[in-house]
Amino acid sequence: MLHSASLLLVTSLLAALPVNADGLYTKNSPVIQLNPKTYNSLIAKSNHTSIVEFYAPWCGHCKNLKPAFEKAAKNLDGLAKVAAINCDDDENKAFCGQMGVQGFPTLKIVTPSKKPGKPRVEDYQGARSAKGIVDAVVDRIPNHVKRATDKDLDKWLGQNEDRPKAILFTEKGTTGALIRALAVDFLGAIDIAQVRNKESASVKKFGVTEFPTLVLVPSADTEHKIYTGDLKKKPITEFLSQASKPKSKPASKPTSIVDDAEDLKPTASENQDTTDPSAKPIQVPIPAPPIPTLSTPESLDSACLASKSGTCVLVILPEASEPDAALPAPATEALASLAEIGHKHAQRGTHLFPLYAVPAINTRSQTLREALALADGQTVEIITLNARRGWWRRFSGADADFGAVAIESWVDAIRLGEGAKEKLPEGIVVNDEAEVKPEAEAEVEPDAETVEAEAETKPEADEQAVEHDEL
């Protein structure tokens with residue numbers, strides 16, 4: 001009842017806005033312009049990730065966001081969809097209310113789910129900059145790329161024998177945005193895998209001599225082809241299309257909003273879902289639950305510092321300036337980022353080592369700071385350690401970057417067994433023979449089936465928000 005009343009209030013407020021004002025974005029803008037019907041066809045039913053801005057043209061903050069949003073759209077062209085809907089327009093007001101819009105601009109990231117037409121929708125809370133938007137969207141591009149090794153590549157090639165295969169040979173351990181976007185485009189048409197350069201048998205089998213190299217295997221009984229063109233999406237798409245056409249609509253702005261007229265004709269049920277103000281509103285998922293807190297020395301010792309403990313990630317929180325004082329912004333961001341990362345893996349069902357917060361009231365936090373030569377108690381620190389194997393690593397984000405993309409790249413490197421580790425000093429590990437809970441166990445070097453490191457692209461500056469020409 002309360003939810004219905006809130007929805008009615010939001011809808012009433014939107015209805016009171018000025019009528020039929022011109023939108024912010026022109027037809028030549030890289031931003032896709034939506035209404036309720038095209039949202040359903042172009043966004044909700046898409047296999048691609050999207051970010052949608054809900055705005056009012058008279059809104060000053062919306063006008064200020066426009067240059068950054070259009071820059072993000074240009075950088076994400078071919079990778080994800082960037083769209084906007086004018087909540088000032090009569091035909092859109094009820095829909096904006098159903099989407100839970102309570103202020104302008106509201107940005108929502110829409111990610112495909114296992115249920116077609118029912119994507120995951122989450123509010124974007126990051127920086128209102130092209131770089132921030134691109135970081136968040138790239139991070140959520142689905143990963144349908146198989147991570148293959150010498151041991152399982154032949155088995156993968158033998159699966160779905162009637163379907164062409166493409167293999168990216170690369171020196172990198174993470175899966176880039178461009179190859180993930182191509183895998184979405186060709187989902188169900190061409191299976192795509194990624195193989196590291198260290199898989200020598202596979203490299204030799206396909207005659208690969210430099211990295212990255214993209215190989216197309218049209219069928220089991222035909223010779224493979226090596227791509228020699230520019231590492232850009234359009235020519236790569238043309239190369240792969242000689243074996244099979246993409247099944248998914250590309251993540252680019254359509255040349256016409258009615259390019260696929262049949263797809264845009266809503267069914268009766270679609271009309272109910274998108275345009276009827278009395279219809280059940282689209283549900284925004286519950287935010288990621290916070291990571292557990294280890295408030296006592298005993299809980300920290302048992303979970304992560306016992307002699308049999310596996311890999312743990314610890315957020316060592318700063319001391320409060322005064323009782324009941326709020327945490328500083330970097331600490332809050334670090335906790336939120338790790339909560340999001342943990343929630344993502346839980347949703348996928350992939351294994352991830354445990355993530356914990358260690359408050360300053362836990363006296364062992366100061367012991368860790370001193371033993372590991374970390375910063376004083378006024379700053380937040382993120383470390384990972386493995387008491388059983390006796391190593392640790394520290395997260396040092398550039399310019400104190402505690403965003404989810406930067407931290408997840410660091411976490412993925414740990415999962416892949418990459419990067420240097422330092423030896424744990426004497427006295428950190430508790431020589432306790434008690435049984436360690438299974439939840440504290442995690443292997444640093446998982447097999448290729450379980451690793452889904454998605455956040456390779458890391459923009460260095462707003463002007464080059466994503467290097468999506470690189471595989």
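In the predicted model, Pro359 is placed in the loop that connects strand β12 to helix α14 (residues 363-371). With a relative accessibility of 13%, Pro359 falls under the 20% limit and therefore counts as buried. When neighbours within four places in sequence are set aside, the contacts of Pro359 are with Thr293, Leu294, Ser295, Leu317 and Ser365. Glu319 is separated from Pro359 by 40 residues in sequence, yet the C-alpha atoms of the two residues are 7.7 Å apart in space.

The strand that precedes this loop belongs to an open sheet. Five strands make up this sheet, in the order β12-β11-β13-β14-β15, and their pairing is mixed. Its edges are formed by β12 (355-358) and β15 (422-423), each of which pairs on one side only. Within the sheet, β13 (residues 381-386) and β14 (residues 391-394) run antiparallel and are joined by four bridges. Thr384 lies opposite Arg393 of β14.

Helix α12 (residues 297-305) is associated with both this sheet and the helix that follows the Pro359 loop. On the sheet, α12 lies across β11 (311-316), β12 and β13, and its direction is at about 145° to that of β11. Helix α12 also packs with α14, at an angle of about 55° and with 8 Å between the two axes. The arrangement of α12 relative to α14 is therefore oblique. The contacts between these helices involve Pro297, Leu300, Asp301 and Leu305 on the α12 side, and Thr363, Arg364 and Leu368 on the α14 side.

One of the disulfides of the model involves a residue of this region. Cys304 and Cys312 are linked, with their sulfur atoms 2.3 Å apart. The link is left-handed, with a value of -95° about the S-S bond. Both Cys304 and Cys312 are buried.

A further open sheet contains five strands in the order β1-β3-β2-β4-β5, again with mixed pairing. The edge positions are taken by β1 (32-33) and β5 (120-123); each has a single partner strand, so one side of each lacks a neighbour in the sheet. Strand β4 (residues 106-111) and β5 are antiparallel, with four bridges between them. In this pair, Thr111 has Arg120 of β5 as its bridge partner. Helix α2 (residues 36-44) packs on the sheet and touches β1, β2 (50-55), β3 (81-86), β4 and β5. The direction of α2 makes about 170° with that of β3. Helix α4 (residues 90-98) lies across β2 and β3, and runs at about 115° to β3.

A disulfide is also found between Cys87 and Cys96, where the sulfur atoms are 2.1 Å apart. This link is left-handed as well, with -90° about the S-S bond. Cys87 has a relative accessibility of 0% and so counts as buried. The value for Cys96 is likewise 0%, and Cys96 therefore counts as buried. In total, the model contains two disulfides. With bonded cysteines counted along the chain, the disulfides follow the pattern 1-2, 3-4. Two further cysteines were examined for accessibility: Cys59, at 6% relative accessibility, counts as buried, and Cys62 is buried with a relative accessible area of 0%.

For the protein overall, the secondary structure amounts to 15 helices and 15 strands. Buried residues account for 51% of the 471 residues. Of the contacts between residues at least 6 apart in sequence, 78% connect residues at least 24 apart. The exposed area of the protein is about 22,500 Å², of which carbon and sulfur atoms supply 52%.

Methods:
Residues numbered from 1 in each chain as written. Predicted model: local features only at pLDDT ≥ 70, side-chain atom pairs only at ≥ 80, totals over all residues. Heavy atoms only, no water. Helix = DSSP H or I, 4+ residues; strand = E, 2+ residues; numbered from the N terminus. Buried < 20%, exposed > 50% of the residue type's maximum accessible area, 1.4 Å probe, protein only. Contact = heavy atoms within 4.5 Å. Areas by Shrake-Rupley, 256 points an atom, 1.4 Å probe, with all protein chains shown as cover. Pairing = 2+ DSSP bridges. Axes fitted to C-alpha atoms, helices over the stretch in contact; angles between N-to-C directions. Disulfide = S-S within 2.5 Å. Parallel < 35°, antiparallel > 145°, perpendicular 65-115°, else oblique.
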